[in-house]
Amino acid sequence: MIIWSVANQKGGVGKTTTAVTLAGISAEAGRRTLLVDLDPHGSVTAYFGIDPDSIDSSVYQLFQLDDPGSREILAIVRPVGIDGLDILPATPALATLDRQLGNRGGMGLVVTHALRKITDEYDHVIIDCPPMLGVLMVNALAACDHLIIPVQTEFLAIKGLQRMLHTLGMIEHSRNFQVDYTVIPTMFDRRTRASLNSLDVMKERYPDHLWNSVIPIDTNFREASKAGKPLGHYLPDSRGVLAYRELYSFLMNHNRPDDKVAAL
Ligand SMILES: Nc1ncnc2c1ncn2[C@@H]1O[C@H](COP(=O)(O)OP(=O)(O)O)[C@@H](O)[C@H]1O
Ligand SMILES: [Mg+2]
């Protein structure tokens, strides 16, 4: 099972779009794919036409049950009408977790432990994160093999990226783990100076972690979300999805288990 998390503390940068589009591509490739919605707003959940306010079980239950087993976890999972793709939905109750759990120890690994229980059921898990630091973000960072950080190519992007990387460093230090990450320039519009300039700054500052291509601006993403389908299942040849397919191949090669063996 490969686990990717998609995070950035800035909102509206393309996190949910990235998670949904990559998950659609993974399912298309024949991999049993699970999208985990860790955003209390339930963006992934709502994307597929499920109202987060009207469902009674969600990721929230993972935090309430004491060491849930595979049957309890799979009872929360929902199909979304796309072959090979399921979601673990979010409800607004997730927003109360930080206050509720306080400093209770061990809560940073709830998602990690839950995913281990269903490792035979899915080949690929993609986790969509909320735009704020808290127990959900910590869970997403602890659970993943690779972190994807979408950054909108506009003037204020670099500040958000710096903040995210600072958070990542803090969590890695306090929890004693390391996460490999890739920065993905999103909503790139080569006609605008802001897109070109911010991409140059990213290349200069983060050469080792920057994906060598970009996700272009493509209005079809909004249309696909209205239709409740990943873009690959809505307009398979649109330029947005072609870019995400390239990103998917890049990340799959990057995450080859052989890489780890070779690095030993
Ligand atoms: N590459 C893109 N081109 C055009 N619009 C995009 C692109 N990526 C995302 N969007 C749109 O931008 C908005 C915010 O994206 P979203 O993925 O929800 O961001 P986040 O999850 O970071 O808040 C959505 O309306 C989405 O459809
Ligand atoms: Mg989102």
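A polar contact, as I use the term today, is a pair of N or O atoms within 3.5 Å. The model on the screen is predicted, so please keep that in mind throughout.

I will start with the ligand. An oxygen atom of ligand 1 is 2.9 Å from a polar backbone atom of Thr 16. Gly 12 also takes part, with a backbone N or O atom 2.7 Å from an oxygen atom of ligand 1. For Asp 218, a backbone N or O atom lies 2.9 Å from a nitrogen atom of the ligand. On its own, ligand 1 would expose 560 Å², and the protein buries 76% of that.

Which elements give two or more residues to the shell around ligand 1? They are α1, residues 15-28, and α10, residues 220-227. The most comes from α1, which gives three residues. In total, 14 residues surround the ligand. Among the closest are Lys 15 and Thr 17. By type, the shell divides into six nonpolar, five polar and three charged residues.

Now to helix packing. Two packed helices are described by the angle between their axes and the distance between the axes.

Let me stay with α1, since we have just met it. Its partner here is helix α12, residues 239-254; the two axes come within 10 Å and cross at roughly 75°. An angle of 65 to 115 degrees counts as roughly perpendicular, and α1 and α12 are therefore roughly perpendicular to each other. On the α1 side, the residues that meet α12 include Thr 17, Leu 22, Ile 25 and Glu 28. On the α12 side they include Val 241, Tyr 244, Arg 245 and Leu 251. This contact divides into seven nonpolar, four polar and two charged residues. Thr 17 is thus a residue to look at twice: it is among the closest to ligand 1, and it meets α12.

The second pair is helix α7, residues 135-143, and helix α8, residues 157-175. How do their axes cross? At roughly 75°, coming within 11 Å, and α7 and α8 are therefore roughly perpendicular to each other. From α7, the contact uses Met 137, Val 138 and Leu 141. From α8, it uses Met 164, Leu 168, Ile 171 and Arg 175. Those residues divide into six nonpolar, no polar and one charged.

Key:
Residues numbered from 1 in each chain as written. Chains lettered and ligands numbered in written order. Predicted model: local features only at pLDDT ≥ 70, side-chain atom pairs only at ≥ 80, totals over all residues. Heavy atoms only, no water. Near = heavy atom within 4 Å. Polar contact = N/O pair within 3.5 Å; in protein donor to acceptor, adjacent residues only side chain to side chain. Areas by Shrake-Rupley, 256 points an atom, 1.4 Å probe, with all protein chains shown as cover. Helix = DSSP H or I, 4+ residues; strand = E, 2+ residues; numbered from the N terminus. Nonpolar A, V, L, I, M, F, W, Y, C, P; charged D, E, K, R; others polar. Axes fitted to C-alpha atoms, helices over the stretch in contact; angles between N-to-C directions. Parallel < 35°, antiparallel > 145°, perpendicular 65-115°, else oblique. Contact = heavy atoms within 4.5 Å.
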